Amino acid sequence: MSTLRGYAEPGEKLILRLYLAGESPISCRARENMQQICRDYLGSQYELEMIDVFEDPLRTLQDQIHLTPTLVRVHPTASCRIVGDLSQAATVLQQLGVKLKP
């Protein structure tokens with residue numbers, strides 16, 4: 001399993017938003033990769049909101065999302081943004097501040 005390195009209180013959830021561009025191939029890969037990362041490493045310690053920029057373009061403008069797919073860590077602490085298909089699980093986890101337990 002994993003812990004949030006220095007970011008969260010014990011039991012506190014990681015809140016994430018994944019901005020996608022409909023069913024484009026890269027958005028589908030990012031969705032599948034993020035779901036796999038959540039299943040494999042985050043257990044029940046996360047909330048993942050997926051936002052389709054075509055269905056909610058105003059939200060995208062409000063949140064200043066310029067590229068898709070973009071993963072945003074909303075909580076805890078200041079946000080972190082990762083752009084791409086999220087295929088490198090270790091890099092995604094490191095950027096999110098997730099430390100894997102041995």
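## Starting at T60

Let's begin with one residue: leaving aside residues up to four places away in sequence, T60 touches V53 and I65. This is a predicted model, so keep that in mind as you click through the structure. You'll find T60 in helix α2, which covers residues 57-62.

Is T60 buried or exposed? Its relative accessible area is 9%, and because buried means under 20%, T60 counts as buried. The T60 side chain also has a polar partner: it reaches the backbone oxygen of D56 at 3.3 Å.

## The whole protein

Now zoom out. The protein has three helices and six strands. Reading from the N terminus, the order of elements is β-β-α-β-α-β-β-α-β.

How much of the protein is buried? Of its 102 residues, 38% are buried. On the outside, the protein exposes about 6000 Å², and carbon and sulfur atoms supply 51% of that area. Then there's the question of which parts of the chain meet. Take the contacts with a separation of 6 or more: 70% of them are between residues 24 or more positions apart.

## Strand β2 and its two partners

Strand β2 spans residues 14-20 and is mostly covered, with five of its seven residues buried. Which strands does β2 pair with? One partner is β3 (residues 46-52), joined to β2 by seven bridges and running parallel to it. In this pairing, L18 stands opposite M50 of β3. Another partner is β4 (residues 70-75), which is joined to β2 by five bridges and runs antiparallel. Here R17 is the residue to look for, standing opposite V72 of β4.

As a bit of background, side chains in a regular strand alternate between the two faces of the sheet. Back in this model, β2 and β3 also belong to a β-α-β unit: together with helix α1 (residues 25-42) they make a right-handed one.

## Inside helix α1: S27

S27 sits in helix α1. How accessible is S27? Its relative accessible area is 0%, so S27 is buried. What does S27 touch, if you skip residues up to four places away in sequence? The answer is L20, A21, G22 and P69. Remember P69, as it comes up again below.

## Helix α3 and its two sides

Helix α3 runs through residues 89-96, and its residues V92, L93 and L96 are buried. Where are they around the helix? They cover an arc of only 95 degrees around the axis, so they're on the same side of α3. The face turned away from that buried side carries the exposed residues A90 and Q94. Just after the helix comes G97, which takes a positive phi of about 85 degrees.

L93 deserves a second look. This α3 residue has 2% relative accessibility, so it counts as buried. Not counting residues up to four places away in sequence, L93 touches I37, Y41, L42, V98 and L100. Take Y41 from that list: L93 and Y41 are 52 residues apart along the chain, and their C-alpha atoms are separated by 8.5 Å.

## Unusual spots in the backbone

In general, most residues other than glycine have a negative phi, and most peptide bonds are trans. That makes the following spots worth finding.

Start with the cis peptide bonds. One joins T68 and P69, with omega about -5 degrees. P69 lies in the loop between α2 and β4, and it's also on the list of residues that S27 touches. Another cis peptide bond joins H75 and P76, with omega about 5 degrees. P76 is in the loop between β4 and β5 (80-83).

Next, look for positive phi at residues that aren't glycine. Q64 has a positive phi of about 55 degrees and is in the loop between α2 and β4. L86 has a positive phi of about 60 degrees and is in the loop between β5 and α3. Which of these is buried and which is exposed? Q64 is exposed, with a relative accessible area of 54%, whereas L86 counts as buried at 5% relative accessibility.

How values were computed. Residues numbered from 1 in each chain as written. Predicted model: local features only at pLDDT ≥ 70, side-chain atom pairs only at ≥ 80, totals over all residues. Heavy atoms only, no water. Helix = DSSP H or I, 4+ residues; strand = E, 2+ residues; numbered from the N terminus. Buried < 20%, exposed > 50% of the residue type's maximum accessible area, 1.4 Å probe, protein only. Contact = heavy atoms within 4.5 Å. Areas by Shrake-Rupley, 256 points an atom, 1.4 Å probe, with all protein chains shown as cover. Polar contact = N/O pair within 3.5 Å; in protein donor to acceptor, adjacent residues only side chain to side chain. Arc of directions from axis to C-beta. Pairing = 2+ DSSP bridges. Right-handed = clockwise from strand over helix to strand, strands pointing away.
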